[in-house]
Amino acid sequence: MYTDLLILLFAAVLLVATFRRLGLPVILAYLIAGVLLGPHGLAVIIGQSIMQTIAELGIVFLMFSLGLEFSLPKLLAMRRLVLGVGMLQVLLTSLLFFAIGWWWGLGLAQSLVVAGTLALSSTAVVIKQL
C-alpha cells in the first residue's frame with residue numbers, strides 16, 4: 001500500500017516539475033499521473049481501496065488549492081469574463097463529452113453523467129488559468 005503511494009507521489013513530483021517548465025497547469029500533471037499509473041494505464045496501482053483513498057485525497061487537495069486561489073473581489077471584477085467564458089466552456093465541453101460518450105455506445109443517461117462530470121472537472125483547470 002505504501003509503495004503504491006510513494007510511486008504515485010514520485011511520479012506526480014516528476015510530472016509537476018515537467019509541467020511547470022512547460023508552463024502548463026499543475027492540476028493536469030496530477031491527473032496525468034493518476035491516469036498513467038492507474039489500472040487503465042501502466043497498472044502500477046490496481047488496488048480498489050487504495051485508488052479510492054487516493055482519489056478522495058486528490059479531491060480534497062484540489063478543492064483546497066482552488067479555495068486558496070479564490071478571491072471574491074477579483075471574481076466580482078471579472079464577473080462577465082468568468083460567467084461568460086465559464087458557461088461557454090461548460091456547455092461546449094459537456095456537448096463534446098456527451099457526443100464522445102454517445103459515439104462509444106453509452107446510453108443517454110450515462111452519456112449525460114460522464115459529460116457533466118468531465119465538464120466540471122475541466123472547469124477546475126480553466127478557472128485556475130483565468
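Author: The expected span of a helix is 1.5 Å times one less than its number of residues. The model discussed here is a predicted one, and this definition serves for its helices.

Reader: How many residues does helix 5 have, and what distance does it reach from its first C-alpha to its last?

Author: Helix 5, residues 79–103, has 25 residues. From first C-alpha to last it reaches 35 Å, close to the 36 Å expected. Helix 1, residues 2–22, may be read in this way too. Helix 1 has 21 residues and reaches 30 Å, close to the expected 30 Å.

Reader: Which elements make up the secondary structure of the chain?

Author: One counts the helices and strands, then reads their order. The chain has six helices and zero strands, and from the N terminus on the order is α-α-α-α-α-α. The C-alpha trace spans about 45 × 40 × 25 Å along its principal axes.

Reader: What share of the residues in the chain is buried?

Author: A residue is called buried when its relative accessible area is under 20%, and exposed when that area is over 50%. Of the 130 residues in the chain, 22% are buried. The chain exposes about 9600 Å², and carbon and sulfur atoms supply 76% of that area.

Reader: Which residues of helix 1 are buried?

Author: One lists the buried residues and then asks where they lie around the axis. In helix 1 the buried residues are D4, L8, A11, A12, L15, V16 and F19. They lie on the same side of helix 1 because they cover an arc of only 145 degrees around the axis. The face turned away from this buried side carries the exposed residues Y2, T3, L6, F10, V13, R20 and R21.

Reader: Which residues are buried in helix 5?

Author: In helix 5 the buried residues are G86, Q89, T93 and G101.

Reader: Which residues make up the largest nonpolar core?

Author: A core is read first by its members and then by the elements that supply them. The largest nonpolar core has 12 residues: L8, A11, A12, L15, V16, F19, A29, A33, L37, I45, I50 and I54. Helix 1, helix 2 and helix 3 each give two or more residues to this core. Helix 1 gives the most, with six residues.

Reader: Which residues are in contact with I45, apart from its neighbours within four places in sequence?

Author: With those neighbours left aside, I45 touches D4, L8, L37, G38, P39, I50 and M51. One of these partners, M51, is placed in helix 3. On the same basis, the contacts of M51 are P39, I45 and I46. M51 and P39 are 12 residues apart in sequence, and their C-alpha atoms are 9.4 Å apart in space.

Reader: Why is M51 called partly exposed?

Author: The relative accessible area of M51 is 22%, so M51 falls between the limits for buried and exposed. S111, a residue of helix 6 (residues 108–129), gives another case. S111 is buried because its relative accessible area is 0%. Leaving aside neighbours within four places in sequence, S111 is in contact with F98, G101, W102 and L106.

Reader: What lies 2.7 Å from the backbone oxygen of V90?

Author: A polar atom of the side chain of S94 lies at that distance from the V90 oxygen. S94 is found in helix 5. Outside its neighbours within four places in sequence, S94 is in contact with A115 and A119. S94 and T3, by comparison, are 91 residues apart in sequence and 37 Å apart in space, C-alpha to C-alpha. For the chain, one considers contacts between residues at least 6 apart in sequence; 49% of these join residues at least 24 apart.

Reader: Where in the chain is a positive phi found in a residue other than glycine?

Author: Most residues other than glycine have a negative phi. A43 has a positive phi, near 60 degrees. A43 is placed in the loop between helix 2 (26–37) and helix 3 (48–69). With a relative accessible area of 36%, A43 is partly exposed.

Reader: Which glycine takes a positive phi just after helix 1?

Author: Just after helix 1, G23 takes a positive phi of about 80 degrees. G105 takes a positive phi of about 95 degrees just after helix 5.

Methods
Residues are numbered from 1 along each chain as its sequence is written. This is a predicted model: local features need pLDDT of at least 70, side-chain atom pairs count only at pLDDT 80 or more; totals for chains, interfaces and linings use all residues. Side-chain values use heavy atoms; hydrogens and water are left out. Helices (H or I, at least four residues) and strands (E, at least two) are DSSP runs, numbered from the N terminus. Buried means under 20% relative accessible area, exposed over 50%, partly exposed in between (1.4 Å probe, protein chains only). A nonpolar core is a set of buried Ala, Val, Leu, Ile, Met, Phe, Trp, Tyr and Cys residues joined through side-chain atoms within 4.5 Å. Contact means heavy atoms within 4.5 Å. The arc is that of the directions from the helix axis to the C-beta atoms. Accessible areas come from the Shrake-Rupley method with a 1.4 Å probe; for residues, only the protein chains shown count as cover. A polar contact is a pair of N or O atoms within 3.5 Å; within protein, one must be able to donate a hydrogen and the other to accept it, and residues adjacent in sequence count only if both atoms are side-chain atoms.
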